[in-house]
Each structure stands twice: as C-alpha cells, then as structure tokens.
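Trainee: Could you take me through the aromatic side chains here, one pair at a time? I would like a close look at how their rings are arranged.

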Amino acid sequence: MEFHDLSDETKGEPSAKIRERVNAARKIQQKRFEGTPVTCNGKMSPAMTREFCVPDEKGRQMIASAFERLGLSARAYDKILRISRTIADLAGSEKIESQHIAEAIRYRNLDRKFWSNG
C-alpha cells in the first residue's frame, strides 16, 4: 500500500458491509469444516490446505514464482494458500483466483518487512 492510498479522502467500505462479508465468510468456513475439529482456514492441516486451497492456473504460477523469488519455506507457502482461501471467502468466491494469491503474497511481504526486525 502506498501513502496516497492511505491519505485518499474517498470513503472506504462501511463497517456494516465489512461485517456482513466477514459473517458470510465465517459461515462458508463453518460449512467447509463441518464434522471436523477445524473452525477456520488458519487452522487447516497441510492435507486440508491441499484439499481446500487450490488456486487457479494463473494463481498457481504466481505462487510458484513467489516461492522461488522470495525463497519461501513450505510453511510460508501453506500460509499464503490459507490466507488466499480466506480472501476468496471474503470475496464470496468459491475458487482461489490469482488476485487472491497476489493479495496474500503482499500481506506476506508486509509481514516480513515490518515484523522481522522487531
């Protein structure tokens, strides 16, 4: 995110609308994990991640490139997939698309940039 994005005067999404999307995503996850001890995407096992976090072809290529370019570990790879699944759920998308992967990778880069030295 750039400074001009933060300083933009235009109104963002209202809190009530965000709450609706979050509640809808939670319901999707409850249904997905029904009958298991898992309650949210972040708690998926590696096997569940492979089952429920399959990106589209462009997304697969994107995460493969990031894996090589950023030197990601298997754990980081799985985390990006789980975050992508959550982003897709928030968007109401059944499939993980390349834009969901891209957003998750950006969060990963921010996380490394701002929290690795602290």
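Mentor: Let's start with Y77, which is partly exposed in this predicted model, because its relative accessible area of 28% lies between the 20% limit for buried and the 50% limit for exposed. A search of the whole structure turns up two aromatic pairs. In one of them, F33 and F52 meet edge-to-face, with 5.7 Å from centre to centre and 90° between the planes. This pair links distant parts of the chain: F33 sits in the loop between α2 (15-32) and α3 (46-52), while F52 belongs to helix α3, 19 residues apart. F33 is buried, at a relative accessible area of 1%, whereas F52 is partly exposed at 22%. F33 has another neighbour to notice: the charged end of R32 sits over its ring, 5.8 Å from the centre.

Now back to Y77. Its ring pairs with that of F67, again edge-to-face, at 5.9 Å centre to centre and with 85° between the planes. F67 lies in helix α4 and Y77 in helix α5 (residues 74-91), so the pair ties together parts that are 10 residues apart in sequence. Like its partner, F67 is partly exposed, with a relative accessible area of 30%.

Helix α4 (residues 57-70) also holds A66. A66 counts as buried, at 0% relative accessibility. Leaving aside residues up to four places away in sequence, A66 touches G71, L72 and I105. A66 and I101 are 35 residues apart in sequence, and their C-alpha atoms are 10.0 Å apart in space.

Technical notes: Residues are numbered from 1 along each chain as its sequence is written. This is a predicted model: local features need pLDDT of at least 70, side-chain atom pairs count only at pLDDT 80 or more; totals for chains, interfaces and linings use all residues. Side-chain values use heavy atoms; hydrogens and water are left out. Helices (H or I, at least four residues) and strands (E, at least two) are DSSP runs, numbered from the N terminus. Buried means under 20% relative accessible area, exposed over 50%, partly exposed in between (1.4 Å probe, protein chains only). Contact means heavy atoms within 4.5 Å. Rings of Phe, Tyr and Trp (its six-membered ring) pair if their centres lie within 6.5 Å; planes under 30 degrees apart count as stacked, over 60 as edge-to-face and the rest as tilted. A charge sits over a ring if NZ of Lys or CZ of Arg is within 6 Å of the ring centre and within 35 degrees of the ring normal.
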